[in-house]
Amino acid sequence: MTPKEVLAMCRENDVKAVDFRFMDFPGLWQHFTIPVNHLSEDTFEDGLGFDGSSIRGWQAINESDMLVVPQPDTAFIDPFTQLPTLVLICNIQDPITREDYSRDPRNVCRKTANYLKSTGIADTCFIGPEAEFFVFDDVRFDQRAEHGFYHIDSVEGEWNRGRVENPNLGYKLRHKEGYFPVPPADSLMDLRNEMMQTMIECGLNVEAQHHEVSTAGQCEIDMRFNEMVRMADDLLIYKYVIKNVAKRNNRTVTFMPKPVFGDNGSGMHTHFSFWKDNEPLFAGNGYAGLSETALHAIGGLLKHAPAVLAFTNPTTNSYKRLVPGYEAPVNLAYSQRNRSASCRIPMYSPSPKAKRVEFRCPDPTCNPYLAFAAITMAAIDGIQNKIDPGQPLDKDIYDLPPEEAASVPKTPGSLDDALDALAADHEFLLRGDVFTKDVIETWIEYKRKNEADAIRLRPHPYEFCLYYDI
């Protein structure tokens, strides 16, 4: 879509306002809005100014002026605003040099796509994330000097079997039995359909929706794969739609990986493949129908996974899901069909075009631009350096003898550990000026100070259960 076509779209839909959106450094969508009569073809070239010092992880107060530059091919009509509103996703630039901003996550992802082309390995990386989420009926939480708590609730929750609901109809999902039961046990069918249809109206290519394994409203809606930058854009629209459809139905959604103790957490299994000249590069005659290129890509991802997880699993809560001994993909191994390996090769289809690698570690708290970029850069490094992924692990990893299990590398055990890994291993991310030093250093500093240290300094409610009477 061209700027002229965007303006025509505004006229055809009687648009009154234009919303400019961009991603902050940690991973929240930001926006501001102008009257539609202030949008012109020149806006797409000149951009609009804003205060970059007020965005997390960005500019200092003495160099705060920044530009948002709207991208016409991202336009869609907002389905939630009362006033007809057009949304445009933006790139961020320095107003003096007009250079793309190094800490704009979308810029990092764009540079990754360009770097992949420059290597001659491939011209496209397709990404297909499977973001899971919880729908709750009520949530309360607080943390102060003298108290800290959270309370979540869902009409589906197993813990509500004995609650007086006038009437309690009894259709509660047992822990770990939420995968695919029909209504009335699945109470969220209509809500997910509404989410799915709204996504389609926003231009997303939705493939399926279903209830997930956990009790208390765990769900998944799957989109068809797309080119990596566009897929990151789509994932932001996906989260925006899900949260707002839930809100207008008096529900609330969280993408936290582990909001419910004792049941499955929410991951974002991420499928990826490289293509060149419209031909898939991951199909071949090797293990699980993979090419040598694909095996080397896996080798790179497994080698750099601890550092990659600083971007794909970027919260302290991420490591409540990645816990050894459960169904989480904490073992850095690869396998066909085996969902207990961190890299799985799906075997649903014999078509070479369907051949891909599924990285099962990521979760939906990630900034998708940075997460997809880190995965791709690790895979590129594996291909360039012909990194051997070792032997596949087709056994049930959780039934391995202790000595054999101990030889399988594991994911980091905490956000701190992942940040340590990133500090020690990030040269592969700097190639092609994709991730810059200031991006790596700012990410580590921000995450340590605002998240890892913030959690470490506060008493945990369960510590009172364990230690109060000692």
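This is a short tutorial dialogue on reading features in a predicted model.

User: Let's begin with the inside. What is the largest nonpolar core like, and which residues have the most contacts inside it?

Analyst: The general idea: in soluble globular proteins, nonpolar side chains tend to be buried together. In this predicted model, the largest nonpolar core has 121 residues. Those with the most contacts inside it are Leu-39, Phe-133, Met-195, Tyr-238, Phe-272, Phe-274 and Phe-435. Helix 5, residues 228-248, supplies the largest share of this core, with 13 residues. There's also another core lying apart from it, made of 6 residues, including Ala-333, Ala-341, Leu-393 and Leu-400.

User: Can we zoom in on Phe-272? Which residues is Phe-272 in contact with, leaving aside neighbours within four places in sequence?

Analyst: Here's the list: Phe-272 touches Cys-125, Phe-126, Ile-127, Phe-282, Leu-301, Arg-356, Val-357, Ile-375 and Ala-379, once you set aside neighbours within four places in sequence.

User: Back to helix 5 for a moment. Is Asp-234 buried or exposed?

Analyst: Asp-234 lies in helix 5. Anything under 20% relative accessible area is called buried, so Asp-234, at 8%, counts as buried. Beyond its neighbours within four places in sequence, Asp-234 is in contact with Leu-204, Met-223 and Asn-226.

User: Now helix 1. Which residues of helix 1 are buried, and what covers them?

Analyst: Here's a handy rule about helices: an α-helix has 3.6 residues a turn, so residues three or four places apart point the same way. Helix 1 runs over residues 3-12, and its buried residues include Val-6, Leu-7, Ala-8, Met-9 and Cys-10. The cover over the buried residues of helix 1 includes helix 2 (43-46), strand 5 (76-77) and strand 6 (85-93). Look just past the end of helix 1 too: Asp-14 has a positive phi of about 50° there.

User: What about the surface? Which residues form a nonpolar patch there?

Analyst: Val-139, Phe-141, Tyr-150 and Phe-261 do, and together they have about 530 Å² of accessible area. Take Val-139 as a sample: Val-139 sits in strand 8, residues 138-143. With 34% relative accessibility, Val-139 counts as partly exposed.

User: On to charges. How many salt bridges does the structure hold?

Analyst: First the idea: side chains of opposite charge can pair when their charged atoms come close. This structure holds 29 salt bridges. In one of them, the side chains of Asp-100 and Arg-110 meet, at 3.3 Å from N to O. Asp-100 is in the loop between strand 6 and helix 3 (105-119), while Arg-110 is in helix 3, so this pair ties together parts that are 10 residues apart in sequence. Asp-100 is partly exposed, with a relative accessible area of 32%, and Arg-110 is partly exposed too, at 23%.

User: And what does Arg-163 form a salt bridge with?

Analyst: Its partner is Asp-153, with the closest N and O atoms 2.5 Å apart. Arg-163 lies in the loop between strand 9 and helix 4 and Asp-153 in strand 9, so the pair ties together parts that are 10 residues apart in sequence. Arg-163 is partly exposed, with a relative accessible area of 32%, whereas Asp-153 counts as buried at 11% relative accessibility.

User: Are the residues of the Arg-360 and Glu-358 salt bridge buried or exposed?

Analyst: Arg-360 is buried, with a relative accessible area of 8%, and Glu-358 is buried as well, at 1%. Their closest N and O atoms are 3.0 Å apart. Salt bridges can also link up by sharing partners: Asp-416, Asp-420, Arg-448, Asp-453 and Arg-456 are joined that way into one network.

User: One last residue. Where does Glu-165 lie, and which side chains does Glu-165 make polar contacts with?

Analyst: Glu-165 lies in the loop between strand 9 (148-153) and helix 4 (189-201). At 22% relative accessibility, Glu-165 counts as partly exposed. The Glu-165 side chain makes a polar contact of 2.8 Å with the side chain of Arg-163, and another polar contact, of 3.1 Å, joins the side chains of Glu-165 and Lys-172. Setting aside neighbours within four places in sequence, Glu-165 is in contact with Val-155, Asn-160 and Lys-172. For a sense of distance, the C-alpha atoms of Glu-165 and Asp-94 are separated by 57 Å, with their positions 71 residues apart along the chain.

How values were computed: Residues are numbered from 1 along each chain as its sequence is written. This is a predicted model: local features need pLDDT of at least 70, side-chain atom pairs count only at pLDDT 80 or more; totals for chains, interfaces and linings use all residues. Side-chain values use heavy atoms; hydrogens and water are left out. Helices (H or I, at least four residues) and strands (E, at least two) are DSSP runs, numbered from the N terminus. Buried means under 20% relative accessible area, exposed over 50%, partly exposed in between (1.4 Å probe, protein chains only). Contact means heavy atoms within 4.5 Å. A polar contact is a pair of N or O atoms within 3.5 Å; within protein, one must be able to donate a hydrogen and the other to accept it, and residues adjacent in sequence count only if both atoms are side-chain atoms. A nonpolar core is a set of buried Ala, Val, Leu, Ile, Met, Phe, Trp, Tyr and Cys residues joined through side-chain atoms within 4.5 Å. Patches are made of residues with over 30% relative accessible area and no salt bridge: like charges are joined within 9 Å, nonpolar side chains (Val, Leu, Ile, Met, Phe, Trp, Tyr) within 5 Å. Accessible areas come from the Shrake-Rupley method with a 1.4 Å probe; for residues, only the protein chains shown count as cover. A salt bridge is a side-chain nitrogen of Lys or Arg within 4 Å of a carboxyl oxygen of Asp or Glu.
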